[in-house]
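Here is a short note to read beside the structure. Keep the model open and follow the points in order.

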Amino acid sequence: MSTTNSVLSQDALKTLVGLAALKYVVPGEIVGVGTGSTVNKFIDALATMKDQIKGAVSSSEASTERLKALGIPVFDAGEVAELSVYIDGADEIDSHGFMVKGGGAALTREKIVAAQSRRFVCIADASKLVQTLGKFPLPVEVIPMATTRVIRQFAAMGGTAQVRMKNGAPLVTDNGQHIVDVTGLSIVDPLAFESEVNQWPGVVTVGVFAHQKANVCLLGTDEGVKTLT
Ligand code: 5RP
């Protein structure tokens with residue numbers, strides 16, 4: 001499938017940025033690894049230099065499985081004080097590095113690993129770059145008991161929230177919680193929005209990454225990888 005106005009396939013663009021991210025990996029250190037199809041390309045590329053790194057801290061069971069299958073040691077977040085770099089994808093990113101994440105339901109662990117990293121490098125194909133966040137349904141991880149109340153709170157903001165389903169039942173995250181996806185929002189002040197929604201009772205994590213924004217974005221385009229800082 002091609003991205004809008006793109007000659008290269010979305011998959012090819014993901015491969016490009018996954019490879020390009022290797023130059024941000026610090027030899028001899030542990031790297032923070034996100035989740036998703038773009039990150040899978042990065043993990044595959046990382047395997048080619050696995051002898052030069054100590055290992056990875058992973059943001060999901062899925063990434064952990066892939067890392068281990070490729071022979072890359074995985075450390076618990078708590079075993080490592082600080083990471084020099086965290087590499088992850090995004091569902092949307094704006095020119096300030098503010099993002100919407102959580103399409104793969106891994107947003108909480110992603111935010112935790114991002115918070116313990118000095119630098120967040122976002123890898124994304126060009127279709128993810130937006131002017132204003134909010135077109136992609138915003139993922140929010142919630143404690144099931146709070147779901148109805150959280151859905152009402154989004155409705156009061158003009159959004160429509162729906163519980164994410166999998167095989168006919170609510171999807172259960174790696175943390176044992178549920179996800180609601182919210183449409184109809186235009187997130188013009190991501191920092192304020194993230195702070196507000198995060199303090200609603202029962203919200204585990206909102207998928208706006210503004211306080212943990214990207215410091216660098218490697219954007220895959222037909223002209224090659226563009227570096228946005
Ligand atoms: C997972 C994420 C992913 O980074 C995001 O959904 C992008 O995924 P992909 O690279 O498959 O497009 O936040 O929770």
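1. Begin with helix H2 (37–46). In this helix Thr38, Val39, Lys41, Phe42, Ile43 and Leu46 are buried. Note that this is a predicted model.

2. Now ask what those buried residues of H2 pack against. Two helices take part: helix H1 (10–20) and helix H3 (61–69). Three strands do as well: strand E1 (30–33), strand E4 (86–88) and strand E7 (120–125).

3. Turn to the ligand. Its shell holds 17 residues. The closest are Gly36, Thr38, Gly89, Gly103 and Gly104. Helix H2 (37–46) and helix H4 (107–115) are the elements that give two or more residues to this shell. Thr38 therefore deserves a second look: it is among the buried residues of H2, and it is also one of the closest to the ligand.

4. What is the make-up of the shell, by residue class? Polar residues number 9. There are 4 nonpolar residues and 4 charged ones.

5. Next, find Glu110. It sits in helix H4. UniProt, in an unreviewed entry, places the feature "active site" at this residue. Treat that label as coming from the record.

6. Is Glu110 buried or exposed? Count the other C-beta atoms within 10 Å of its own: there are 32. A residue is buried if that count is 20 or more, so Glu110 is buried.

7. Look at what Glu110 touches. Leave out residues up to four places away in sequence. The contacts are then Gly34, Thr35, Ser59, Asp88 and Lys101. Asp88 belongs to strand E4 (86–88), one of the elements that the buried residues of H2 pack against.

8. Move to the open sheet of 4 strands. Its order is E9-E12-E8-E13, and the pairing is antiparallel. The edges are strand E9 (160–163) and strand E13 (203–206), each of which pairs on one side only. On average, neighbouring strands are turned by 30 degrees against each other, direction ignored.

9. Zoom in on one pair. E9 and strand E12 (residues 178–183) are joined in the antiparallel sense over 4 bridges. Within E9, Ala161 stands opposite Val182 in E12.

10. Finally, check the helices on this sheet. H4 packs on it and touches strand E8 (138–142) and E13. The direction of H4 makes about 70 degrees with that of E13. Helix H5 (residues 147–156) packs on the sheet too, touching E8, E9, E12 and E13. The direction of H5 makes about 15 degrees with that of E12. Helix H4 thus joins two parts of this note: it gives residues to the ligand shell, and it packs on the sheet.

Technical notes:
Residues are numbered from 1 along each chain as its sequence is written. This is a predicted model: local features need pLDDT of at least 70, side-chain atom pairs count only at pLDDT 80 or more; totals for chains, interfaces and linings use all residues. A residue is near a molecule or strand if its C-beta atom, placed from the backbone, lies within 6 Å of it. Ala, Val, Leu, Ile, Met, Phe, Trp, Tyr, Cys and Pro count as nonpolar, Asp, Glu, Lys and Arg as charged, and the others, Gly among them, as polar. UniProt positions are given in the numbering used here, feature names are shortened, and annotations may be inferred rather than shown by experiment. A residue is buried if 20 or more other C-beta atoms lie within 10 Å of its own, exposed if 12 or fewer, and partly exposed in between; C-beta atoms are placed from the backbone. Two residues are in contact if their C-beta atoms, placed from the backbone, lie within 7 Å. Two strands pair if DSSP finds at least two bridges between them. Axes are lines fitted to C-alpha atoms, for helices over the stretch in contact, and angles run from 0 to 180 degrees between N-to-C directions.
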